[in-house]
Amino acid sequence: MPIPERLNPTFAYAAPAPSDPVEQARQRLIVALDVPDAAAANELVAHLENTVTWFKVGLELFTAAGPAVIEPLVRRGHSVFLDLKFHDIPNTVAGAVRSAAALGVRLITLHAVGGPAMLSAARAALEGIENPPELLAVTVLTSMDSSQLNSVGMDRSPADQVELMARMGLAAGLRGFVCSAQEVATLRALTGPEGVLVVPGIRPAGADIADQKRIAPPADALRQGASYLVVGRPITQASDPADAADAILRQMAEAL
Ligand code: C5P
């Protein structure tokens with residue numbers, strides 16, 4: 001089933017988008033390098049780099065290995081998503097965003113609950129930077145359900161909270177958001193084709209859900225309007241990560 005026009009994202013590719021659906025899928029799959037150190041990351045990248053082009057460096061790896069883990073990925077022509085989910089006072093987050101941009105990463109996350117002033121300061125920090133990375137506001141973590149939200153005093157449903165965060169982010173001048181597949185169609189309708197919507201919590205049929213709550217299979221997330229899919233454990237903990245990634249690319253291609 002093709003993606004309805006309304007849910008189709010646009011991409012600012014340097015080159016024209018490839019016509020082969022598997023190649024298109026390859027440009028939209030991000031593998032989370034959630035491993036404990038640089039050696040484990042290098043080993044995983046060596047297995048995967050002929051199959052995927054995007055890698056996500058998150059808190060576990062960055063805290064262990066530092067910014068040095070980014071440079072070889074960028075040098076080898078990969079696109080890097082730095083997922084540190086900044087949440088601090090506006091001045092501190094602006095500085096962190098500038099530091100992240102200097103590393104050559106393409107996507108950076110910050111928590112939408114940091115508020116409009118923090119989001120605006122982050123956006124302003126990228127002004128004047130040539131070919132800046134995209135800022136992604138994390139709406140509600142895909143590991144959160146209503147009961148988890150209620151525990152931290154958020155009484156809305158995850159869907160309503162996601163929409164509130166996205167409207168606030170748009171008003172602060174952002175166009176990139178992280179949300180689950182369950183909310184991505186609503187956000188695509190809000191952002192239009194220019195929205196950069198990144199969806200974690202992706203699980204192929206039969207995969208272990210683990211700590212995720214709001215999950216979807218790869219093709220469904222794309223059909224709902226996702227720009228990029230983030231996949232961690234279903235690839236990184238597979239006995240053959242490249243095979244697992246290839247299977248997910250083929251499932252994504254069915255929706256493209
Ligand atoms: O292993 P799994 O596929 O669940 O990994 C999902 C990745 O996406 C993790 O690196 C996690 O930090 C990240 N993420 C998420 N939910 C968000 C934002 C990022 O799961 N809202």
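In this predicted model, helix α5 (residues 90-102) packs against helix α6 (residues 116-125) at an angle of about 35°, and their axes are 8 Å apart. The crossing of α5 past α6 is right-handed. On the α5 side, the contact is made by P90, V93, A94, V97 and R98; α6 contributes A117, M118, A121, A122 and A125. By residue class, the contact of α5 with α6 holds 9 nonpolar residues, no polar ones and 1 charged.

Aromatic pairing is sparse in number: a search of the whole structure returns 1 aromatic pair. The ring centres of W54 and Y228 are 5.2 Å apart. Their planes meet at 65°, and planes over 60 degrees apart count as edge-to-face, so the pair of W54 and Y228 is edge-to-face. The pair joins distant parts of the chain, with W54 in strand β2 (residues 54-58) and Y228 in strand β8 (residues 228-231), 174 residues apart.

Both ring-bearing residues can be set against the burial cut-off, which is under 20% relative accessible area.

| Residue | Strand | Relative accessible area | Class |
|---|---|---|---|
| W54 | β2 (residues 54-58) | 7% | buried |
| Y228 | β8 (residues 228-231) | 10% | buried |

W54 therefore counts as buried at 7%, and Y228 counts as buried at 10%.

A further ring contact involves a charge. K56 lies over the face of F81, at 5.8 Å from the ring centre.

Notes. Residues are numbered from 1 along each chain as its sequence is written. This is a predicted model: local features need pLDDT of at least 70, side-chain atom pairs count only at pLDDT 80 or more; totals for chains, interfaces and linings use all residues. Side-chain values use heavy atoms; hydrogens and water are left out. Axes are lines fitted to C-alpha atoms, for helices over the stretch in contact, and angles run from 0 to 180 degrees between N-to-C directions. Helices (H or I, at least four residues) and strands (E, at least two) are DSSP runs, numbered from the N terminus. A crossing is left-handed if the near helix is turned anticlockwise from the far one by less than a right angle, and right-handed if clockwise. Contact means heavy atoms within 4.5 Å. Ala, Val, Leu, Ile, Met, Phe, Trp, Tyr, Cys and Pro count as nonpolar, Asp, Glu, Lys and Arg as charged, and the others, Gly among them, as polar. Rings of Phe, Tyr and Trp (its six-membered ring) pair if their centres lie within 6.5 Å; planes under 30 degrees apart count as stacked, over 60 as edge-to-face and the rest as tilted. Buried means under 20% relative accessible area, exposed over 50%, partly exposed in between (1.4 Å probe, protein chains only). A charge sits over a ring if NZ of Lys or CZ of Arg is within 6 Å of the ring centre and within 35 degrees of the ring normal.
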